[in-house]
Structures are given as C-alpha cells and as structure tokens.
Amino acid sequence: MPKTIRTSLILVGFVLLGAGCLRFGARVSPPAGTGPAPQASPESGVVPAPTPAVSEAIIEYQDGLFNPAILRIKAGTKVTFKNRGAKSVWPVSGVHPAHKICPGFDALRALDKGESYSFVFTEVKDCPFHNHIAPTEKGKIEVKAGE
Ligand SMILES: [Cu+2]
C-alpha cells in the first residue's frame, strides 16, 4: 500500500521536524540584557574587579521624630529619608527657612506615608536638617571623610 507508506513517512517527517524545532527552541539564548552578565569562573584564575560598595543609610520619620536623629556617615553615602507615619515630612538642610548649609539637600516637597527621598552627601561637613513643614522637628547628618 504505497499510499499508507507515504502517509506514514509524512507523519514521521512532521514528528522529526517538531522534535528539531523543540531542540532548536531550547538552544535559543535569551535576548541581550536579560541574562546574568558573564563572569569569569574561579577556575580561570581571573577574579573580576570588585564593584565599589555604595554606602547607604536610612533615616525613618514617624510621628514627628527622625530615627536616627543624628547620623554619622562617610562622604559619598546615600541617605534615604523614609516616611513611616501618617504625618507628612519635608526633609531639608538647615537652617530654616533659608536651607543653605548643605546645598541640594532638599526633598522639594512633603513626603506622604510610604514615600522616600534620597540625597548623596559628598561634602565633609555637618548638615543639620529639619522638617520644613514643622521646623522644630530636627536632626543632623555628620559627614566625615571617606577612606
Ligand atoms: Cu525649612
């Protein structure tokens, strides 16, 4: 029965074609930028240069208080103010109302609950800060020389 044989061959052909597609599909590499960056394996003896650690510190604000109220950091540290409470906070450099001691350190608006503001302190100096919408709520960031 040549017709049956031909039909069988066609079916086998489709099956093989399908298997080939699956194998090919499994080998397709992810688009550039989505996978992990290639790294040298420890066996190769090539150790990738360590990326400089970005220092970060957090000051939480809740119910009129900054925690910590006094923070000592090294120059280059990123400080993030996080509002944990229902009351709004506007972190800004002292002294109210001029805010000129640490230029650029100003959230520029009030942060509601759950919002945050970050600033990188690069200059070695003391940066007193306050809540601009309640200027009696204060704290200080002491920026020391890095290593
Ligand atoms: Cu102010």
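Pro135 counts as partly exposed, because 14 C-beta neighbours lie inside 10 Å and a buried residue would need 20 or more. This proline sits in strand S8 of a predicted model. The chain holds 1 helix and 8 strands. Those strands include two open sheets of 4 strands, one ordered S2-S1-S4-S6 and one ordered S3-S8-S7-S5.

**Around Pro135**

- Pro135 belongs to strand S8, which spans residues 134-144.
- Setting aside neighbours within four places in sequence, Pro135 is in contact with His96 and His130.
- Pro97 lies 38 residues away from Pro135 along the chain, yet their C-alpha atoms are separated by 8.5 Å.
- Why is Pro135 partly exposed? It has 14 C-beta neighbours inside 10 Å, and partly exposed residues fall between the limits of 12 or fewer for exposed and 20 or more for buried.

**Overall layout and confidence**

- Read along the sequence, the pattern is α-β-β-β-β-β-β-β-β.
- The chain has 147 residues, and 20% of them count as buried.
- Take the contacts between residues at least 6 apart in sequence: 49% of them join residues at least 24 apart.
- Mean pLDDT for the chain is 79, with 63% of residues at 70 or more.
- The pLDDT stays below 50 over residues 5-35, and this stretch has 1 contact in the model beyond near neighbours in sequence.

**Sheet S2-S1-S4-S6**

- This open sheet has mixed pairing among its 4 strands.
- Its edge strands are S2 (65-67) and S6 (116-121), each of which pairs on one side only.
- From one strand to the next, the twist averages 20 degrees.
- Strands of a sheet pair through backbone hydrogen bonds, in either a parallel or an antiparallel sense.
- S1 and S2 run antiparallel and are joined by 3 bridges.
- Within that pair, Glu60 has Asn67 of S2 as its bridge partner.
- The hairpin of S1 and S2 has 2 residues between the strands, and Asp63 there takes a positive phi near 55 degrees.
- S1 and S4 pair in the parallel sense over 6 bridges.
- Ile59 stands opposite Phe81 of S4.
- S4 (residues 77-83) also pairs with S6, antiparallel and over 6 bridges.
- The bridge partner of Thr80 in S6 is Ser118.

**The two faces of S6**

- In a regular strand, side chains alternate between the two faces of the sheet.
- Which residues of S6 form its covered face? They are Tyr117, Phe119 and Phe121.
- The uncovered face of S6 carries Ser116, Ser118 and Val120.
- Ser118, on the uncovered face, is the residue that bridges to Thr80.

**Sheet S3-S8-S7-S5**

- This sheet is also open, has 4 strands and shows mixed pairing.
- S3 (70-74) and S5 (91-93) are the edge strands, and each pairs on one side only.
- The twist here averages 30 degrees from one strand to the next.
- S5 and S7 run antiparallel, with 3 bridges between them.
- Pro91 stands opposite Asn131 in S7.
- Pro135 is placed in this sheet through S8.

**Nonpolar core**

- The largest nonpolar core has 19 residues.
- Those with the most contacts inside this core are Ile59, Val79, Phe81, Phe105, Phe121, Cys127 and Ile141.
- Ile59 and Phe81, both in that group, face each other across the S1–S4 pairing.
- Which elements give two or more residues to the core? They are S1 (56-62), S4, S6, S7 (126-131) and S8 (134-144).
- S6 gives the most, with 3 residues.
- Phe121 appears both among the best-connected core residues and on the covered face of S6.
- Ile141 is in contact with Leu71, Ile73, Val79, Phe121, Cys127 and Phe129, leaving aside neighbours within four places in sequence.
- Among these partners of Ile141, Val79, Phe121 and Cys127 are themselves listed with the most contacts inside the core.

How values were computed. Residues numbered from 1 in each chain as written. Predicted model: local features only at pLDDT ≥ 70, side-chain atom pairs only at ≥ 80, totals over all residues. Pairing = 2+ DSSP bridges. Axes fitted to C-alpha atoms, helices over the stretch in contact; angles between N-to-C directions. Core = buried A, V, L, I, M, F, W, Y, C linked by C-beta atoms within 7 Å. Contact = placed C-beta atoms within 7 Å. pLDDT = per-residue confidence, 0-100.
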